[in-house]
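Thanks, everyone, for making time this morning. Before I say anything, please take a moment to look at the sequence and the fold on the screen.

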Amino acid sequence: MRSRLIRLGCGLILAAAVAASAQAVDALEKHILPAADFATVHEVLVESIEAEGLVVAAVIPFNRMLQRTATTLGKSGSPFAEAEIVQFCSSVLAWQMLEEDPAQIAFCPLSLAIYEKVGQPGRAMLVFARPRPSTAGHRAAARLLHKIASQVEATLKRRSGAAGGR
């Protein structure tokens, strides 16, 4: 009986660990973008953020950091041809989340990352960490991030369709 309880307990712990791992993976929302050069993807992302009445606070050249530190860390190089993180803030969302819990300052600013892997020119990805739906502020932030990512996709599709029809 005792060994059966131990096995059951271990099974529950393993199931919880697998579920937690799956939730962490689900927290990333990835968008495969229509074919476009990286500069165009960056431009469309900034335009999409600004179209929401928001201001880009910072563009972090993430790939440069990877390239700069690769040899020091014994790496052959960055897995990316291009990679950057675009940060922005919504004062409305910031206030909403801070009124829910001041510790949620850690969620500001919001970030979207775009990258292109080495050897895959014109195949950019847009990814963001989706806030857990634990509060109304988190749900609103997740909707905003998804809306911007979807707008980037739609704009790139429209542009590639217009270019293909010339």
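I will go through the overall layout, one helix, the largest pocket and a few residues around it.

What you see is a predicted model, in which local features need pLDDT of at least 70 and side-chain atom pairs count only at pLDDT 80 or more, while totals for chains, interfaces and linings use all residues. Residues are numbered from 1 along each chain as its sequence is written, and side-chain values use heavy atoms, with hydrogens and water left out.

Let me begin with the layout. The protein has 5 helices and 5 strands, where helices (H or I, at least four residues) and strands (E, at least two) are DSSP runs numbered from the N terminus. Read from the N terminus, the order of elements is α-β-α-β-α-β-α-β-β-α. Of the 166 residues, 34% count as buried, buried being under 20% relative accessible area, exposed over 50% and partly exposed in between, with a 1.4 Å probe and protein chains only. Taking contact to mean heavy atoms within 4.5 Å, residues 24 or more positions apart account for 72% of the contacts with a separation of 6 or more.

Now to helix α2, residues 38-51. Its 14 residues should span 20 Å at 1.5 Å a residue, and the end C-alpha atoms are indeed 20 Å apart, which agrees; the expected span here is 1.5 Å times one less than the number of residues. At the N-terminal end, aspartate 37 acts as a cap, with a side-chain oxygen 3.2 Å from the backbone nitrogen of alanine 39. Just after the helix, glycine 53 takes a positive phi of about 80°.

Which residues of α2 are buried? They are Phe38, Thr40, Val41, Val44, Leu45, Val46, Ser48 and Ile49. As a reminder, an α-helix has 3.6 residues a turn, so residues three or four places apart point the same way. Valine 41, in this helix, is buried because its relative accessible area is 0%. Leaving aside neighbours within four places in sequence, valine 41 is in contact with Leu33, Ala36, Ile114, Ala124 and Leu156. One of these partners, isoleucine 114, is 73 residues away in sequence, yet the two C-alpha atoms are 7.9 Å apart.

Next, the largest pocket, which has a volume of about 170 Å³. On a 1 Å grid over the protein atoms alone, a pocket is an open set of points where a 1.4 Å probe fits, with protein on both sides within 12 Å along at least five of seven lines, and lining residues have an atom within 4 Å of a point. The lining consists of Met97, Phe107, Pro109, Leu110, Ser111, Ala129, Arg130, Pro131, Ala141 and Leu145. Strand β4 (110-117) and helix α5 (136-164) each supply at least two of these residues. Proline 109, from the loop between α4 and β4, is joined to cysteine 108 by a cis peptide bond, with omega about -5°.

Arginine 130, also in the lining, leads us to glutamate 29 in strand β1 (residues 28-32). Is glutamate 29 buried or exposed? At 12% relative accessibility, glutamate 29 counts as buried. The side chain of glutamate 29 makes polar contacts with the side chain of arginine 130 at 3.1 Å and with that of histidine 31 at 2.8 Å. By polar contact I mean a pair of N or O atoms within 3.5 Å; within protein, one must be able to donate a hydrogen and the other to accept it, and residues adjacent in sequence count only if both atoms are side-chain atoms.

Finally, consider a pair of buried residues that both touch Met97. Glutamine 104 sits in the loop between α4 (91-100) and β4 and counts as buried because its relative accessibility is 6%; its side chain makes a polar contact of 3.2 Å with the side chain of glutamate 100. Histidine 138, in helix α5, is buried at a relative accessible area of 5%, and its side chain reaches the backbone oxygen of arginine 132 at 2.9 Å. Glutamine 104 and histidine 138 touch each other, and their C-alpha atoms, 34 residues apart along the chain, are separated by 9.4 Å.

Note on methods
Points joined across faces, edges and corners; volume = space filled by probe spheres on them.
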